[in-house]
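Subject: Structure handover

Hello,

Here is the structure I promised to pass on. My notes follow below it.

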Amino acid sequence: MAQQIHIVEDDVAFGKMLTSFLERKGFNVSVSLSGENARKTISENKFDLLITDLKLPDDSGLDLLEFSQKTSPNTKVILMTGYAEVDTAVKAIKKGALDYISKPFRPEELLMIIEADFQNTESSEEPISETVEPKQPASQPTSEKPKFVIGISEASKKFNEYLKLVGPTDMCVLIQGESGTGKEVAAKAIHNYSSRKDKNFVAVDCGAIPKEIAASEFFGHIKGSFTGAVNDKKGHFEAADGGTLFLDEVGNLSYENQIQLLRALQERRIKPVGSNTEIDVDVRILSATNEDLLKAVSEGKFREDLYHRLNEFSIHIPSLHERKEDLFLFIEYFLNEANKSLGKEVIGLSKEVEEAFKNYAWPGNLRELKNVIKRSVLLTNSRLIPLEVIPREVLFAEKTKKETVDFSKESNEKQLILNALKEAEFNKTKAAKLLNITRKTLYNKLEHYQIDL
């Protein structure tokens, strides 16, 4: 059955061009010229993919993304952006968008994103149901160590040491870092360093689960337990039994869902929705976030007891900006991946492109770098990637300025706390005032950074 795609684009000619191209590739395509019409169409139909412009006369792509997630959670979303809107596009990725593509682009670039996602979906979408021999969950177990760049920077060396150190334990690990840094890859590495490596690794995007169905997603349900429950369903906890459950963007869970998760972690037992029978589960929990959970705890948005449950050990993934020495190692890795995927033989970057890559800040981190490399390889007909195939936001970026101290980042926060304690002569109340945080938050941070006074 052909995939259903809906395009939201107020440029009539551009929308027709995309429609014609995608229909020739075998997709069923419909178009809305406004946000209002798109919302009505999304509400009345089911689509596999929504492709929307970021800026519309009466709406925004981000708002349509949120509307689609509530109305049709299974619909993937790709945003089309202007070259100067990469920061907003990164926000869209954080909110759950599949990807973004910068205008102007060739239809082949969009097709590459669509086909890659549909191939992944087809290979991993086996329904989870109660049978004599349960099928594998949507997230397949991994028995081989993931391939990733080790890195030569000090930040990467420390990061990889932590992965190897905590991997063989059964500790809950909180992985923190900016969006696009590869938190799921890190979680898989921890899983594969553990004795659970031959069991399931189940990844869950907490930001993409509506709070109303979160209990069913995590714990499963029995047939007839609520409207739409036409079959028994196994939840993520049971699917990961004996293995590892990875909770990505855990900070997005509602307060009610946090309570349910905490109870499951404490008791190691779950009860499917509509069932009176509890099920024992043996699951290791890895979680990830790009938010400051300590701040969320102090603001009452995230439960402190759950935070400590999840944070038996914390790992900070350095951003690409923090490990500049590794940039060309990642470029080589993604270049080889793209050549293999696209059947190309591009051997490297031109000198001009190398300079542009060094000057760019890469706000989308490894995800953005991977996308730029793959699209550039697709468009390159020579041995070296030329300047003309590079996205405009990369080319027109200002040269990277000298780093300024940013105490909001975890890498600098520990030193700031130590400096404040010294200035306050190790009086915690005074130190908290200097840091402009509560005394309780300071105690949490002392514990988090293992600062022993």
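Leu 33 sits in the loop between strand E2 (28-32) and helix H2 (35-44). Helices (H or I, at least four residues) and strands (E, at least two) are DSSP runs, numbered from the N terminus. The model is predicted: local features need pLDDT of at least 70, side-chain atom pairs count only at pLDDT 80 or more, and totals for chains, interfaces and linings use all residues. Residues are numbered from 1 along each chain as its sequence is written, and side-chain values use heavy atoms, with hydrogens and water left out.

Leu 33 is partly exposed because its relative accessibility is 45%. The classes are buried (under 20% relative accessible area), exposed (over 50%) and partly exposed (in between), with a 1.4 Å probe and protein chains only. Together with Val 12 and Val 31, Leu 33 makes a nonpolar surface patch of about 220 Å². Patch residues have over 30% relative accessible area and no salt bridge; like charges are joined within 9 Å, nonpolar side chains (Val, Leu, Ile, Met, Phe, Trp, Tyr) within 5 Å. Accessible areas come from the Shrake-Rupley method with a 1.4 Å probe, and for residues only the protein chains shown count as cover.

Next, the salt bridges. A salt bridge is a side-chain nitrogen of Lys or Arg within 4 Å of a carboxyl oxygen of Asp or Glu. The whole structure has 16 salt bridges.

- Glu 44 meets Lys 40 at 3.1 Å, N to O. Both lie in helix H2, 4 residues apart, about one turn of the helix. Glu 44 is exposed, at 53% relative accessible area.
- Arg 269 meets Asp 280 at 2.5 Å, N to O. This pair links distant parts of the chain: Arg 269 is in strand E9 and Asp 280 in strand E10 (residues 279-280), 11 residues apart. Arg 269 is partly exposed, at 32% relative accessibility.
- Lys 440 bridges to Glu 304, with the closest N and O atoms 3.1 Å apart. Here helix H19 (residues 439-448) holds Lys 440 and helix H12 (residues 304-310) holds Glu 304, 136 residues apart. Lys 440 counts as exposed, at 52% relative accessibility. Glu 304 counts as partly exposed, at 25%.
- Asp 170, Arg 196 and Asp 282 form one network through salt bridges that share partners.

Now the rings. Rings of Phe, Tyr and Trp (its six-membered ring) pair if their centres lie within 6.5 Å; planes under 30 degrees apart count as stacked, over 60 as edge-to-face and the rest as tilted. That gives 9 aromatic pairs. Phe 330 and Phe 334 are stacked, because their ring centres are 6.3 Å apart and their planes stand at 25°. Both residues lie in helix H13 (residues 327-342). Both are buried. Tyr 360 and Trp 362 pair edge-to-face, with centres 4.8 Å apart and planes at 80°. Ring pairs also link Phe 218, Phe 219 and Phe 237 into a cluster.

Trp 362 has a second point of interest: its phi is near 50°, a positive value in a residue other than glycine. Most residues other than glycine have a negative phi. Trp 362 lies in the loop between helix H14 (351-359) and helix H15 (365-379). Trp 362 is buried, at 3% relative accessible area.

Last, Asp 53. An unreviewed UniProt entry lists Asp 53 as "modified residue: 4-aspartylphosphate". UniProt positions are given in the numbering used here, feature names are shortened, and annotations may be inferred rather than shown by experiment. Asp 53 is in strand E3 (residues 49-53). Asp 53 counts as buried, at 9% relative accessibility.

Best wishes
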